[in-house]
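Let's take a walk through this one together, from the whole chain down to single residues and back up to a sheet. Keep the viewer open as you read.

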Amino acid sequence: MNDTIAAIATPLAPCAIGVLRLSGPGAVRAVDRVFAPFRGGPMGERSDRTLVYGTLHDREGVAIDHCLCTVSRAPHSYTGEDTAELQCHGSPAVLALGLEALFAAGVRQAKPGEFTRRAFLSGKLDLTRTEAVADLIHAETPAAVYQAAGQLGGALAEVVDGIYDRLRDLCAHFHAVLDYPDEDIEPFEIEELSSSLSGAAAALDALAATYRRGRLLNEGAPCAIVGRPNAGKSTLFNALLGYERAIVTPIPGTTRDTVEERVNFGGVLLRLIDTAGLREAGDEAERLGVERSRQAVARAELILAVTDGAGEFTREDREALELAASSGKPWIWIASKRDLTGPTALWTTGWEGNAPAAAVSLSAKTGEGLEELEQAVSALYPEPPASQAGAMLTNARQAEAVGRARTAVERGAQALKAGLSPDAVVADVEEAMSALGELTGRTVSEDVTARIFERFCVGK
């Protein structure tokens, strides 16, 4: 981190404000090459975090904008280095010329996520907070925003550090007894060691249990819409999205393949999958479409089974409902075309095993009943308790590290029950600590950090 980086930190589209960011030992010197305050001395003589109004010049010294500039010197900045920001009018051309001028002043183009990576390397952020920055940028629902903001504030790191510290104290006690036998240090008690391991295991189990909800906040729940041809699946798909994404015609079998989109519905991020109608295929293309419909059900976490509420209940309708029920996944029965028939009474009892979570009569064409569907979906994915805000695992890397820590703790507990010596147990405890260290970055490898920062955009 001996060089200075710069990037455009706002979208390359006409907007009110565009930002150029710099970080590194030459950041303040570089802005003084391209920015001239209207009053007072250069930015090198100005106080930190003070907005200064002046002129931005291109690499030839020609004025291209009137803008604001601010600097923050190390270590009191986002990256822990000297930083600067130029807040310009949001013209992509202005920002490009300003960036070229900074390159001429000796800085280089920042890589994706490099500003936040420097914050991590300088100790300003641990890895859980670093990942929260990316989660906050990509958040699509209010719940995802609250989770990311809480994690950025250190909620997850606090939970992980609490478990880590408990295991570290256990190891420290063991090494103290082993290394200083002449000191008056209480020896290991088997019951005490067993209790410590049980407590750590319970805490890890509770943390691992947050992953399902945390993952859904970021990735969304795969939601398959299934039913016979012309039951109203694509019309419902378009109604949930709020625009015409899937082709809708009166001809049965219009949809031949799966169509996928993301939507915030009822405060839940859904990955909607519109599927081909379930029936005996008339040709190879339709057969492949039906097969993909069944595959969509297999990978879905929520199923919307649609039947034609304005027509007769057919064998194909029953097969669609049976497919949803036999999936073992939560599902909602929807009777469509309420605008043609009025509300349709549906039953949710008498099912063997997996009954529908709700039954809703609606019209995707007029919107009648959509609010009831929204409430049914929300009920399946309730808001997490306030105590979990920011303290949930949200990606596979985190869940995998917690899983390895839990396995190591369990192995240590089994070794203790088997009568092995405490040093064998402590070796497993140290392995668990190493896995937990990967969560926050204490023991993380370079290839893992590289993979994390691949999610980031340039300028962050």
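Two residues are in contact here when they have heavy atoms within 4.5 Å of each other. Keep in mind, too, that this is a predicted model.

With that contact rule in hand, start at T55, which sits in strand β4, residues 52–57. Leaving out residues up to four places away in sequence, T55 touches V34, F35, A36, F38, A63, D65 and H66. Is T55 buried or exposed? Its relative accessibility is 10%, and buried means under 20%, so T55 counts as buried.

Now zoom out for a moment. The chain holds 16 helices and 13 strands, and 47% of its 460 residues count as buried. If you take the contacts between residues at least 6 apart in sequence, 66% of them join residues at least 24 apart. On the outside, the chain exposes about 21,500 Å², with carbon and sulfur atoms supplying 53% of that area.

Back to the neighbourhood of β4 in sequence. In the loop between β3 (35–37) and β4 you'll find R49. R49 isn't a glycine, yet its phi is positive, about 55°. R49 counts as exposed, because its relative accessibility is 53% and the cut-off for exposed is over 50%. K337 pulls a similar trick with its backbone: not a glycine either, it has a positive phi of about 60°. You'll find K337 in the loop between β12 (331–336) and α12 (338–341).

There's another backbone feature to look up while you're at it. A74 and P75 are joined by a cis peptide bond, with omega at about 0°. P75 belongs to the loop between β5 (63–72) and β6 (83–90).

What about the cysteines? With a disulfide taken as a pair of cysteine sulfur atoms within 2.5 Å, the count is zero. C67 is in no disulfide, and the nearest cysteine sulfur, that of C88, is 4.3 Å away. C67 is buried, given its relative accessible area of 2%. C223 is buried as well, at 0%.

Helix α3, residues 114–121, is worth a look for its cover. How many of the eight residues of α3 are buried? Six are, so the helix is mostly covered. The buried residues are E114, F115, T116, R118, A119 and F120. After α3 comes G123, with a positive phi near 85°.

Let's finish with a sheet. Six strands make up an open sheet with mixed pairing, in the order β9-β10-β8-β11-β12-β13. Which strands stand at the edges? They are β9 (259–265) and β13 (358–361); each has a single partner strand, so one side of each has no neighbour in the sheet. On average, neighbouring strands of this sheet are turned by 25° against each other, direction ignored. At the β9 end, seven bridges join β9 to β10 (residues 268–274), and the two run antiparallel. One pair to pick out is N264, whose bridge partner in β10 is L269. Helix α13, residues 370–380, packs on the sheet and touches β9, β10, β11 (302–308), β12 and β13. The direction of α13 makes about 175° with that of β12.

Terms used
Residues numbered from 1 in each chain as written. Predicted model: local features only at pLDDT ≥ 70, side-chain atom pairs only at ≥ 80, totals over all residues. Heavy atoms only, no water. Helix = DSSP H or I, 4+ residues; strand = E, 2+ residues; numbered from the N terminus. Buried < 20%, exposed > 50% of the residue type's maximum accessible area, 1.4 Å probe, protein only. Areas by Shrake-Rupley, 256 points an atom, 1.4 Å probe, with all protein chains shown as cover. Pairing = 2+ DSSP bridges. Axes fitted to C-alpha atoms, helices over the stretch in contact; angles between N-to-C directions.
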